[in-house]
Amino acid sequence: MSLSVALRHRFPGFTLDVDFQAQAGVTALFGRSGSGKTSVINAVAGLLRPEAGRITLDGRDLMDSATGRFLPPHRRGLGYVFQDSRLFPHLSVRQNLLYGRWFASHGDRIGFEDVVSLLGIGDLLQRRPGALSGGEKQRVAIGRALLSRPRMLLMDEPLAALDEARKSEILPYLERLRDQTRIPILYVSHAMPEVARLATTLVILRDGKVMQAGQLEGLMSDPDTAAHLGEGQAGSVIAARVQAHDADGLTRLSTPLGELLVPHLDAAPGHTLRLRIHARDVMLSLTRPQGISALNVLSANVRSVAPGTGPDVLVRLAVGQDHLLARITARSAKALALAPGIAVHAVVKSVAVTDRG
Amino acid sequence: MNDTLGLTLQEWQAVALSLKVSLWATVVSLPFGIAVAYLLARRQFWGKQLLNGLVHLPLILPPVVTGYLLLAGFGRRGPIGGFLDDCCGIVLAFRWTGAALAAAIMAFPLMVRAIRLAIEAVDPRLEQVAGTLGANCLWVFLTVTLPLILPGIIAGAILAFAKAMGEFGATITFVSNIPGQTQTLPSAIYSFLQVPGGEASALRLVAIAVAIAMIALLLSEWVARAIARRIAGT
């Protein structure tokens, strides 16, 4: 699977000019509101006709301004999940789910029962959309898009209209969608926690331009990325595997950084997880700290020191076979005389487990 | 004269003819009404204002003028009427079919307005999502727009039916007032009022006209509510 997007479109007071590729897995279009994310996804869906550009999915042109080709939305074979679920009010949940199936001629990747059990909506089938909660509506909308047998799923801030409880209700379903179906997803969001949890590829948009694009893990520990993420959102995303559960209630994880200890996780050894380590939760020390309550102290090597926002600097560290980002004050960096090549110890104050794989 | 249920033959004929004319006028013009309402509500095209004006013209023109224009156009010597007579043997002027045409044209703006309002109330984002699910324009209309505007269509049809029942000026100008052939309920009431001793007949017909209008109105309310409940669905 590969989606290639290159387009230019002028809006009043704003020009969209983007060029990126999306591979299998979840590609997150990340940016604050007004950065052009929704316009990009609408252009892919065929709801916006860009002035110039070319969009290709698996070698098939969805649009090409050079040849004048423009496939209308209903012939693109894409499933679109909107922020507001947009269920048909005159149809039952079952009829909503089956709507796209009528028109789907290609592919037979996913069955009705599979989708219903994947999204846990079996009890809702006879109900009307008017009688569903926000989270239920959105799960049905995802199911409806999936059952139209799309080549790719487009999601425009599918969680933004939901409160935190409903968000955490749906996120596991999205993870299952990513891991259990082979349908690639283009995911628009301005919420870093969601993106860090779901994305495999990250595309950062700002003022209609692509700032950075690449594998999520690599990008997240890059100080250049941090500037685009917003206050307090900088941090590394690390893949991990459950190694063992200790008798004192801690879980041992093996990661490219080395071994990490976290409070007990309800997951069997061998399970893969995704960790998020905020840059602000990493302390640096020149000598190995003694008599310290933090459990995770890693040997690291400074790769770069970059000015962050305000009085902070972002320090990129090589740890084991991966990288870690630390945010410390410029004063501390000066006091420690941090420079590329210096060996330090990174004290990880907290590790967030964002994903149960 | 022959008395049935207190009505004379002429009175019966007028009621039956009016029902027939109005029903045909409503049923035949409904698909056109939906199409025009859809064009006006959802599409941008050259001449949209012209179409809008033409549709509304019968509402603001004196009905006699509309009737005269129909006679000029659809009469046997008119350009359209002559053609229809030559090719298919269809004659409209001074026939009940002509009364149906006049009633349909007079009722058309009311029908289009009601349906257009209903279409404008449908969230276009629902039509958009149907498109992304693979439905082309026609399927989007049939599976999303049409079911959602059904209450509006019923309201428009009832309104048009009631208007057709009451149509007088254009009808009498285009098809005259021939008892048993083109004498509709309003024309009959008018005729009875012109002859001495006709008040009793006129009054009976007036009562029937009021009853038909009330039944139509209540029926439309009831159907529209039932459908709205189905759509809101709980």
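Mentor: Before we look at any pair of helices, take the axis of a helix to be a line fitted to C-alpha atoms over the stretch in contact, with angles running from 0 to 180 degrees between N-to-C directions. Keep in mind as well that what stands above is a predicted model.

Trainee: How are two packed helices described, and which helices of chain A could serve as a case?

Mentor: In general, two packed helices are described by the angle between their axes and the distance between the axes. Here, helix α3 (residues 112–119) and helix α4 (residues 134–147) of chain A have axes that come within 10 Å and cross at roughly 155°. Because angles over 145 degrees count as roughly antiparallel, α3(A) is roughly antiparallel to α4(A). The crossing of α3(A) and α4(A) is right-handed.

Trainee: Which residues of α3(A) and α4(A) meet?

Mentor: A general point helps first: an α-helix has 3.6 residues a turn, so residues three or four places apart point the same way. In this pair, α3(A) brings F112(A), V115(A), V116(A) and L119(A), and these meet R139(A), I142(A), G143(A), L146(A) and L147(A) of α4(A). Sorted by class, the contact between α3(A) and α4(A) holds seven nonpolar residues, one polar and one charged.

Trainee: In what order do the strands β16, β17, β18, β19 and β20 of chain A lie in their sheet?

Mentor: The order is β16-β20-β17-β18-β19, an open sheet of five strands in chain A with antiparallel pairing. At the edges stand β16 (282–285) and β19 (322–329) of chain A, and each has a single partner strand, so one side of each is left without a neighbour in the sheet. From one strand to the next, the twist averages 45°.

Trainee: How many bridges join β16(A) to β20(A)?

Mentor: Four bridges join β16(A) to β20(A), residues 343–348, and the two strands run antiparallel. As one case, S285(A) has H345(A) in β20(A) as its bridge partner.

Trainee: Is R8(A) buried or exposed?

Mentor: The general idea is to count the other C-beta atoms around a residue, where 20 or more within 10 Å means buried and 12 or fewer means exposed. R8(A), which lies in strand β1 (residues 3–11) of chain A, has 15 such atoms within 10 Å and is therefore partly exposed. Leaving aside residues up to four places away in sequence, R8(A) touches L16(A), D17(A), P50(A), E51(A), A52(A) and G53(A).

Trainee: What is chain B built from, and how many helices are there?

Mentor: Chain B has 10 helices and zero strands. Its C-alpha trace spans about 65 × 45 × 30 Å along the principal axes. Of the 234 residues of chain B, 39% count as buried, and among the contacts in chain B with a separation of 6 or more, 73% come from residues 24 or more positions apart.

Trainee: How many residues does each chain give to the contact between chain A and chain B?

Mentor: Chain A gives 20 residues and chain B gives 17. On the side of chain A that touches chain B there are 12 nonpolar, five polar and three charged residues.

Trainee: Which residues of helix α6 of chain B are buried, and what covers them?

Mentor: In α6(B), residues 124–132, the buried residues are V129(B), A130(B), G131(B) and T132(B). Their cover includes elements of both chains, namely α1 (37–45) and β7 (78–81) of chain A together with α7 (137–166) of chain B. Just after α6(B), G134(B) takes a positive phi of about 110°.

Key:
Residues numbered from 1 in each chain as written. Chains lettered and ligands numbered in written order. Predicted model: local features only at pLDDT ≥ 70, side-chain atom pairs only at ≥ 80, totals over all residues. Pairing = 2+ DSSP bridges. Contact = placed C-beta atoms within 7 Å. Nonpolar A, V, L, I, M, F, W, Y, C, P; charged D, E, K, R; others polar. Parallel < 35°, antiparallel > 145°, perpendicular 65-115°, else oblique. Left-handed = near helix turned anticlockwise from the far one by under 90°.
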